[in-house]
Amino acid sequence: MNQFEFNRIFLIVMDSVGIGEAPDAAEFGDMGADTLGHIAEEMNGLKMPVMDSLGLTKIKSYQGGQDVERPLGSYGVMQEKSVGKDTMTGHWEIMGLFIDAPFRTFPDGFPPELIQEIESRTGRKVVANKPASGTEILVEYGDHHVKTGDLIVYTSADSVLQIAAHEDIISPEELYEICEMARELTLDEKYMVGRVIARPFTGKDGEWERTPNRHDYALKPFGRTVMNELKDAGLDSVAIGKISDIYDGEGITKSLRTQDNMDGMDKLSQSVDMTFTGLSFLNLVDFDAKYGHRRDPIGYGKALEAYDQRLPEVLDKLKDNDLLLITADHGNDPVHSGTDHTREFVPLIAYSKKLDHSVNLGTRMTFADIGATVADNFNVKMPDYGTSFLYDLLKEKSK
């Protein structure tokens, strides 16, 4: 007899794939936001037949979506409870935390005193100091950096301080040391930066290319997450993509880095082949970083279709006692004003081969319901926030 209802839970976060404005969207300036719906319209029809078969069109009608009478999975929507709409807030809530004060963002660049301190400690000048995309900032300042060795410091709509440097000018190891110093400085409450990110790049004569040597320095979660409980109980918590960075390694037993969405799906497939008991947690960052912030709905749509095409190999390899959960952490509507995240509902899909029925999981009032369900399944301490839907998934089976 199995100790747990599901021996392994695989969790995919489709970074920024929101499905329509949340009830409090107006408070965030996000009325009318609909990431998935607007992408589908811009694509003149979005093709995601596998997600549709799992229940996506039961919770979100979109152009090109295929209505399925009896989906393979259970389905619902989730509303964010925390006060924020950034990556860390969404992910931390998924694992059972509630964030009542948003991380700071810097739409006008970082305060002069912080920049001066970075310059003083590194002996290097800082250039840029403004919100920008990671590719555009290199076009503007790459040549200058190579000639002078000045640090390219920039931010985004997220609570991040990013430092870009050419690997031939500043080695990744030196850049990491600089970012660790910046992380220490920005722990001060007057800054409260969510992440400091090292952004190494290569190339010459304006042909710049960011390398896979990116490294994130995040704040530690301010409380214990469900992953901490899993690890302390001797269970596995496998982090894929930027998950380990988002939680600053807390509760992680194994970390697999990725280069892009397709590499993420490769690593997820590899984790299905592993022997473990616990959680495998994947973030697919390209949707947000490459297409949402850059307001590229066509690129976003093609990335969604490519992801959907990769799902069958994962579904086929799942064992009977595996559970697959699919969700998102916020929205990033590529046709919305600005380049910011958008406050939206996110999808909730649950699939297991052992379940031959589909359940409408309704509207969940916090992302933490996922963490509560994981904790409930593995008999570890429940988070302070969230309500498990494990029984809802299983109740038809018990009839």
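These legends walk through several close-up views of a predicted model.

**View 1. Three annotated residues meet at one spot.** An unreviewed UniProt entry gives the annotation "binding site" to D288, H293 and H341. The three span 54 residues in sequence, yet no two of their C-alpha atoms are more than 8.5 Å apart, so they gather in one place. The next two views take the histidines in turn.

**View 2. H293 sits in a loop between two helices.** Look for H293 after α11 (286-292) and before α12 (297-317). Is H293 buried or exposed? With a relative accessible area of 18%, H293 comes out as buried, because the cut-off for that label is under 20%. Leaving out residues up to four places away in sequence, H293 touches A157, D158, D288, N332, T339 and H341. That list includes D288 and H341, which share the "binding site" annotation with H293.

**View 3. H341 is a buried loop residue.** Here the loop runs between two strands, β12 (322-327) and β13 (346-351). The relative accessibility of H341 is 1%, so it counts as buried. Which residues does H341 contact, once neighbours within four places in sequence are set aside? They are D30, K85, D86, T87, D158, D288, H293, H330, G331 and N332.

**View 4. F287 pairs with two tyrosines of α12.** A search of the whole structure turns up 10 aromatic pairs, and this view shows two that involve F287. With Y300, the pair is stacked: the ring centres are 5.8 Å apart and the planes differ by 10 degrees. F287 belongs to helix α11 and Y300 to helix α12, so this pair ties together parts that are 13 residues apart in sequence. Both F287 and Y300 are buried. With Y307, the centres are 6.0 Å apart and the planes meet at 85 degrees, so that pair is edge-to-face. Y307 is in helix α12 too, so its pairing with F287 in α11 links parts that are 20 residues apart in sequence. Y307 is buried, just as F287 is.

**View 5. More rings, some with company.** W92, F103 and F222 are linked into a cluster by ring pairs. Elsewhere, a lysine meets a ring: the charged end of K81 sits over F98, 5.6 Å from the ring centre. K354 lies over the face of F6, and here the distance to the ring centre is 5.1 Å.

**View 6. Helix α6 has a bend in it.** This helix covers residues 136-148. Where does α6 bend? The bend is at G142, by about 50 degrees. At 1.5 Å a residue, the 13 residues should span 18 Å, and the end C-alpha atoms are 19 Å apart, which agrees. The buried residues of α6 are I137, L138, Y141, G142 and H145. An α-helix has 3.6 residues a turn, so residues three or four places apart point the same way. The buried residues of α6 pack against five strands: β3 (126-131), β4 (151-155), β5 (160-166), β6 (195-204) and β7 (207-210). Right after the helix comes G149, with a positive phi near 80 degrees.

**View 7. The annotated domain.** The unreviewed UniProt entry places "domain: Metalloenzyme" at residues 8-381. Over that stretch the chain is 34% helix and 21% strand, and its end C-alpha atoms are 17 Å apart.

Technical notes: Residues are numbered from 1 along each chain as its sequence is written. This is a predicted model: local features need pLDDT of at least 70, side-chain atom pairs count only at pLDDT 80 or more; totals for chains, interfaces and linings use all residues. Side-chain values use heavy atoms; hydrogens and water are left out. UniProt positions are given in the numbering used here, feature names are shortened, and annotations may be inferred rather than shown by experiment. Helices (H or I, at least four residues) and strands (E, at least two) are DSSP runs, numbered from the N terminus. Buried means under 20% relative accessible area, exposed over 50%, partly exposed in between (1.4 Å probe, protein chains only). Contact means heavy atoms within 4.5 Å. Rings of Phe, Tyr and Trp (its six-membered ring) pair if their centres lie within 6.5 Å; planes under 30 degrees apart count as stacked, over 60 as edge-to-face and the rest as tilted. A charge sits over a ring if NZ of Lys or CZ of Arg is within 6 Å of the ring centre and within 35 degrees of the ring normal. The expected span of a helix is 1.5 Å times one less than its number of residues. The bend at a residue is the angle between axes fitted to the seven residues ending there and the seven starting there.
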